[in-house]
Amino acid sequence: HRHLLGIEPLHPSEITTLLDLADSYADKNRTADKHGTALKGLTQINMFFENSTRTQASFEIAGKRLGADVMNMAMQASSIKKGETLIDTAMTLNAMHPDLLVVRHPQSGAVDLLAQKVNCAVLNAGDGRHEHPTQALLDALTIRRAKGRLHRLSIAICGDIAHSRVARSNIMLLGKMENRIRLIGPPTLMPAGIAEFGCEVFDNMEEGLKDVDVVMMLRLQKERMDGGFIPSEREYYHRYGLDAEKLSHAKPDAIVMHPGPMNRGVEIDGTLADDINRSVIQDQVEMGVAVRMAAMDLLARNLVSNRG
Ligand code: CP
């Protein structure tokens, strides 16, 4: 592939290849010798049109660890504010010959569109409610390291599924790897037509969490509810917030995940989120750097072979 725009076009064997490489980067990242040369001489530009802590920081660290020249566009201070379009901005940067463009944008499909216009490799860092492929890949690596495998697991994805690109990318990835996926949340936050993805749907946490291996919590994406129904946080926490009691319905060794940013006391109890015996939330962040190193490494190999 020339770009990483989503999980949808990836074959299970390609996912495994990327995770294997990321696994070795994750081990290396725990040593004093973190640096490599896979992106030496390449220019990486990060363009984040939406807020980010984890994704932007880890893409920057990943690029620098592999020797790229990394530039973070300060989008708030850019000429987008003067009315320049996304494509004009991208073409302007394209003229500076970057090799890797990492893009987050609030509109679904914006990153695909941009990828059609530029000459470099584009990595989707989250577009609207469409896809967040590196998040699903880092979640997969976290699960594989915690559970020893990434197939035939029972995985619950809970909360605001309808507005979540994280849920969409995870449903596709975990489905391709032959896991059983349960979606739990209020019917108002379930996307239409979700049954065709082969997921079981529940609106009750106790039922949905029964005997699952993995519990993945999601934030209420209020910024995408544009005028629609927004549940009260107190009511939502009571019915759908993960606490020790609700988690007791899952397998005794079930792990708790959250892509972040999390809202403590809304979708998850703060004490549970910090419980290192159950929560792998910090491991997810750690795997984020390794997965982004692997993704950019593989795309860079393609750039080199395409240039002959
Ligand atoms: N999980 C995730 O995408 O976090 P950020 O929005 O902080 O990048």
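These notebook entries record what I looked up in a predicted model of one protein chain.

**Fold and dimensions**

I began with the secondary structure and found 11 helices and 9 strands in the chain. I then turned to the radius of gyration, which is 19 Å; the globule rule gives 19 Å for 308 residues, so the chain is as compact as a globular protein of that length. For the extent of the C-alpha trace along its principal axes, I noted about 55 × 45 × 35 Å.

**Burial and contacts**

I looked up the share of buried residues next: 54% of the 308 residues of the chain fall in that class. I also examined contacts between residues with a separation of 6 or more, and 75% of these join residues 24 or more positions apart.

**Surface and charge**

The exposed area of the chain came to about 13,500 Å², and I recorded that carbon and sulfur atoms supply 50% of it. I counted the charges as 36 positive and 39 negative, and I found their mean positions to be 3 Å apart.

**Cysteines**

How many disulfides does the structure hold? I found 0. I checked Cys 199 in particular: its nearest cysteine sulfur belongs to Cys 158 and is 12 Å away. Since a disulfide requires sulfur atoms within 2.5 Å, I entered Cys 199 as being in no disulfide.

Is Cys 199 buried or exposed? Its relative accessibility is 9%, and because the limit for burial is under 20%, I entered Cys 199 as buried. I applied that limit to Cys 120 as well, and at 1% relative accessibility Cys 120 counts as buried.

Conventions
Residues are numbered from 1 along each chain as its sequence is written. This is a predicted model: local features need pLDDT of at least 70, side-chain atom pairs count only at pLDDT 80 or more; totals for chains, interfaces and linings use all residues. Side-chain values use heavy atoms; hydrogens and water are left out. Helices (H or I, at least four residues) and strands (E, at least two) are DSSP runs, numbered from the N terminus. The radius of gyration is taken over C-alpha atoms; the globule rule is 2.2 Å times the number of residues to the power 0.38. Buried means under 20% relative accessible area, exposed over 50%, partly exposed in between (1.4 Å probe, protein chains only). Contact means heavy atoms within 4.5 Å. Accessible areas come from the Shrake-Rupley method with a 1.4 Å probe; for residues, only the protein chains shown count as cover. Lys and Arg count as positive and Asp and Glu as negative; His and the chain ends are not counted. The place of a charge is taken as NZ of Lys, CZ of Arg, CG of Asp or CD of Glu.
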